[in-house]
Structure formats: C-alpha cells, structure tokens
Amino acid sequence: MNLTLKIWRQKDSKAKGQMVEYKVTDISEHMSFLEMMDVLNEGLVAKGEEPVAFDHDCREGICGMCSLQINGEAHGPDRGITTCQLHMRMFNDGDTIVIEPWRAAAFPVIKDLIVDRTAFERIQQAGGYISINTSGNTQDANAIPISKEAADKAMDAATCIGCGACVAACKNASAMLFTSAKVSQFALLPQGRVEATERVMNMVKQMDLEGFGNCTNTGACEIECPKGISLENIARMNREYLAASLAKS
Ligand code: FES
C-alpha cells in the first residue's frame, strides 16, 4: 500500500516542532508499524536526510519503549497492543496517517517522536523498596498464604509496562493509572503492606510534583492501555491514600 505520513519533527527539546509530510510506497499489510517507520527512515538516509527519531526496544510489547500517538490515539487504532504490535493491515491503501509524540507537559519532547518519560521512573523510585528478610535459608514459597483473587489482581497490576499511553490518552495528562498500578501491585500482597502507608504517600506526592493532572474518571486511559490496566486500581490507590493520610494525621 502507498501512504502519506504527517510526522512531528523537532530537532531537540528547545526547537520549535512542526508536522512534515512524507510518502511511503509498497508497504506490506503484514509489516508492523515500526517496520513501516524503518522503511521511511531507510529512504530518508538514502537521500541524505535526517531519519525520524522514535523510541523502541523489544518490539514485542514488553518493554514499553514504543510510544506513538497515531491518528490521535495512543498506540494507534488497535486495542490491547503497543505501537510495535500494531500492523499495517489496520490501515488502507492511500491513507494519510498522523504520527505525533505523547503530548503532556510532564513528558517533554527530546527529539521528533521521542519524549522524556523519566518522570515515571522518579514516581517508581519514590515508592521505595520492600523490606524482606533475605538472611538464612530460602523461604518456602507457601509460607505466606495469599488468596488467588489478591494474587491475580496484583499480577494484573504488575503487567503495566510504563509506556505512558495512559497519560497521552488522558485529557488531563493524568498519570494515575500508571501510579495506581504500581501502588496496587504491592498493596494487594502481604509483603507490600509493611511500607504501604509510606509508599502511597510518596508516590502520589512525586506524581503531583512531576506536573501530571488529576483523574476525572473519563476512562480513556483504561481503553488505550496496551495491558488493560483497570480503573479499579485508581479507586484502590485513592482508598490507600485516604487511609494513609488518616493514619499520618
Ligand atoms: S518496543 Fe517494547 S513494547 Fe514496543
């Protein structure tokens, strides 16, 4: 298929960006979206032009590096996938595709389609460590009984790959789905209860410091999340935060 691409180009974090139009031809419907971008870049390099900078690593939906706003949707038109898992069969011959970086003040553009997502790392770091006794023999895996429901919910929360699609999809650029997933994956397990009060207070504080907006329950984050992280986690984080605030006062 032949496509027109309108891509955000920005030399560096200080430069003023703009949309630039490109044509790509003979794109197979079996290609991934990032492979299509590779074809574009090979053509640009062959012409002596600067290739389009975009983030990627695993290309398997695991690492959370790929981060493109495609036709106004985080990770494009498909559901439950990252940009690297998006295939060109989701588009039609002759389509115009608009490709932008995540748009959020807390995710400043570094170059073209790459944004700085270290704010997420600082939120995670604010959560701190889990205190467990690692001296002596290895603890029996079943020493602390955990209900299947709690284990499943903790594992579901832990599937968040921190790609930032939740922030990009939210009209408030809220990071509450991400932060609540990271809070929940520990809060649901007995091992994570030891520092639960400090953890939720510190992570929410850092989230606010980074300049992310608040949740107004529109649910766009849950829809665009490639891992299907549930809004239920935000409700849990709010309960954890309230309980922690009362415990502190
Ligand atoms: S490149 Fe790793 S999730 Fe897309």
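1. A quick word on terms to start: strands here are DSSP runs of E with at least two residues, numbered from the N terminus. Strand β7, made of residues 114–115, fits that description, and V115 sits in it. Please keep in mind throughout that this is a predicted model.

2. While we are at V115, have a look at its surroundings. V115 has a relative accessibility of 3%, so it counts as buried. Not counting residues up to four places away in sequence, V115 touches D55, P101, W102, F107, P108, V109 and I110. The partner D55 is 60 residues away along the chain, and the C-alpha atoms of V115 and D55 are 8.4 Å apart.

3. Now the overall layout. The chain splits into domain 1, covering 3–110, and domain 2, which is assembled from 117–131 + 146–248. On the domain 1 side, 21 residues take part in the contact, and on the domain 2 side, 19 residues do. Taken over C-alpha atoms, the centres of domain 1 and domain 2 lie 28 Å apart.

4. What does the area between domain 1 and domain 2 look like in numbers? About 1,400 Å² is buried there, and carbon and sulfur atoms give 57% of that area. Polar contacts link six residue pairs between domain 1 and domain 2, with both residues at pLDDT 80 or more. On the side of domain 1 that touches domain 2, the residues comprise 10 nonpolar, eight polar and three charged.

5. Between domain 1 and domain 2 there are also two salt bridges. You may like to pull up the side chains of R79 and E224, which meet in a salt bridge with an N to O distance of 3.4 Å.

6. Salt bridges deserve a tour of their own, as the whole structure has 17 of them. Begin with R59 and D38, whose closest N and O atoms are 2.8 Å apart. R59 belongs to the loop between α1 (33–46) and β3 (69–70), while D38 is in helix α1, so this salt bridge ties together parts that are 21 residues apart in sequence. Are these two residues buried or exposed? R59 counts as partly exposed because its relative accessibility is 28%, and D38 is likewise partly exposed, at 24%.

7. The loop between α1 and β3 also holds E50. E50 forms a salt bridge with K111, with 3.1 Å between the closest N and O atoms. K111 lies in strand β6 (residues 109–111), so the pair ties together parts that are 61 residues apart in sequence. Relative accessible area is 48% for E50, which is partly exposed; for K111, also partly exposed, the value is 24%.

8. Turning to E240 and R193, we find a salt bridge whose closest N and O atoms are 2.9 Å apart. Here the partners come from two helices: E240 is in helix α9 (residues 232–248) and R193 in helix α6 (residues 190–193), so parts 47 residues apart in sequence are tied together. The two ends differ in exposure: E240 counts as buried at 16% relative accessibility, whereas R193 counts as partly exposed at 39%. The cut-off matters for E240, because buried means under 20% relative accessible area.

9. One group goes beyond a single pair. E149, K153, E232 and R236 are joined in a network of salt bridges, so I would view these four residues together on screen.

10. Next, a charged residue that is out of sight. R199 lies in helix α7 (residues 196–209), and its relative accessible area of 4% makes it buried. Which residues does R199 contact, once neighbours within four places in sequence are left aside? They are G127, Y129, I130, F186 and G192.

11. Last comes S180, placed in helix α5 (residues 176–187). S180 has a relative accessibility of 0%, so it counts as buried. A polar atom of the S180 side chain lies 2.7 Å from the backbone oxygen of M176. Leaving aside neighbours within four places in sequence, S180 is in contact with N233, I234 and M237.

Note on methods
Residues numbered from 1 in each chain as written. Predicted model: local features only at pLDDT ≥ 70, side-chain atom pairs only at ≥ 80, totals over all residues. Heavy atoms only, no water. Domains from an automatic or database assignment. Contact = heavy atoms within 4.5 Å. Buried area = accessible area lost by both parts, 1.4 Å probe. Polar contact = N/O pair within 3.5 Å; in protein donor to acceptor, adjacent residues only side chain to side chain. Nonpolar A, V, L, I, M, F, W, Y, C, P; charged D, E, K, R; others polar. Helix = DSSP H or I, 4+ residues; strand = E, 2+ residues; numbered from the N terminus. Buried < 20%, exposed > 50% of the residue type's maximum accessible area, 1.4 Å probe, protein only.
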